[in-house]
Amino acid sequence: MSSLDRLQDDTTRWGKLGCVNVDPPRPLTTRERATLDLLLSPDFPGAEELRSQVSSAVVVGRCDCGCPTIDFQVDAAAPPARVPWRLAPSELETLPTGGEPPDQVMLFVEDGRLSCLEYVAFDQRPAQWPDPRSMRVVGP
Ligand SMILES: [Zn+2]
């Protein structure tokens, strides 16, 4: 496959670049779970359904750049959040250190189901999710 074909294939499958399959799917780590719980702690329409999906969520993909970004699959029986958006209205950001802009954590939802927890770094991407105590919830 040419690199362009591969690029298009990845873009179609993941909607973004640089994701690789985690096969077989694995359960969430304690840190991933805590990060997701923190992000879903505010109340917003659909939050309850998304929270209820966390217990059945497994990790089916990860970013190949070495950052902690992961893709989820949830139990097909879990009730979907009936929401029009793909990007959850709450997100996390790292607490300020020095004068640098914070890193952010964003949650993507596909068809009302947990889809991707993405780490967006200002500078260096960490290899692990930071301690949730070093992050705060922003929004909705
Ligand atoms: Zn990455």
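The legends below describe an overall view and several close-up views of one predicted model.

**Figure 1. Overall view of the predicted protein model and its order of elements.** The protein contains 3 helices and 7 strands, and along the sequence these elements follow the pattern α-β-α-α-β-β-β-β-β-β. Of its 140 residues, 24% count as buried. Among the contacts with a separation of 6 or more, 67% are made by residues that stand 24 or more positions apart.

**Figure 2. Close-up of the pairing between strands β5 and β6.** Strand β5, which covers residues 104-110, runs antiparallel to β6 and is joined to β6 by 7 bridges. One of the residue pairs that can be followed in this view is that of Val109 with Leu114, the latter being the bridge partner in β6. The two strands form a hairpin with 2 residues between them, and the loop of this hairpin is shown again in Figure 3.

**Figure 3. Close-up of Asp111 in the loop between β5 and β6.** Asp111 belongs to the hairpin of β5 and β6 and has a phi near 50°, a positive value in a residue other than glycine. Most residues other than glycine have a negative phi. With 9 other C-beta atoms within 10 Å, Asp111 is classed as exposed, because the class takes in residues with 12 or fewer such atoms.

**Figure 4. Close-up of strands β3 and β6, which pair in the antiparallel sense.** Strand β3 comprises residues 70-73 and strand β6 residues 113-120, and the two are paired over 2 bridges. Within this pairing, Asp71 stands opposite Cys116 of β6. Strand β6 thus appears in this view with β3 as its partner, while in Figure 2 the strand paired with β6 is β5.

**Figure 5. Close-up of the cis peptide bond between Asp23 and Pro24.** The omega angle of the bond that joins Asp23 to Pro24 is about 5°. Pro24 is placed inside a strand, namely β1, which spans residues 19-27. As a background to this view and the next, most peptide bonds are trans.

**Figure 6. Close-up of the cis peptide bond between Gly139 and Pro140.** Here the bond joining Gly139 to Pro140 has an omega of about 0°. Pro140 is found in the segment after β7, a strand that covers residues 135-138, whereas Pro24, shown in Figure 5, lies in strand β1.

Definitions and conventions: Residues are numbered from 1 along each chain as its sequence is written. This is a predicted model: local features need pLDDT of at least 70, side-chain atom pairs count only at pLDDT 80 or more; totals for chains, interfaces and linings use all residues. Two strands pair if DSSP finds at least two bridges between them. Helices (H or I, at least four residues) and strands (E, at least two) are DSSP runs, numbered from the N terminus. A residue is buried if 20 or more other C-beta atoms lie within 10 Å of its own, exposed if 12 or fewer, and partly exposed in between; C-beta atoms are placed from the backbone. Two residues are in contact if their C-beta atoms, placed from the backbone, lie within 7 Å.
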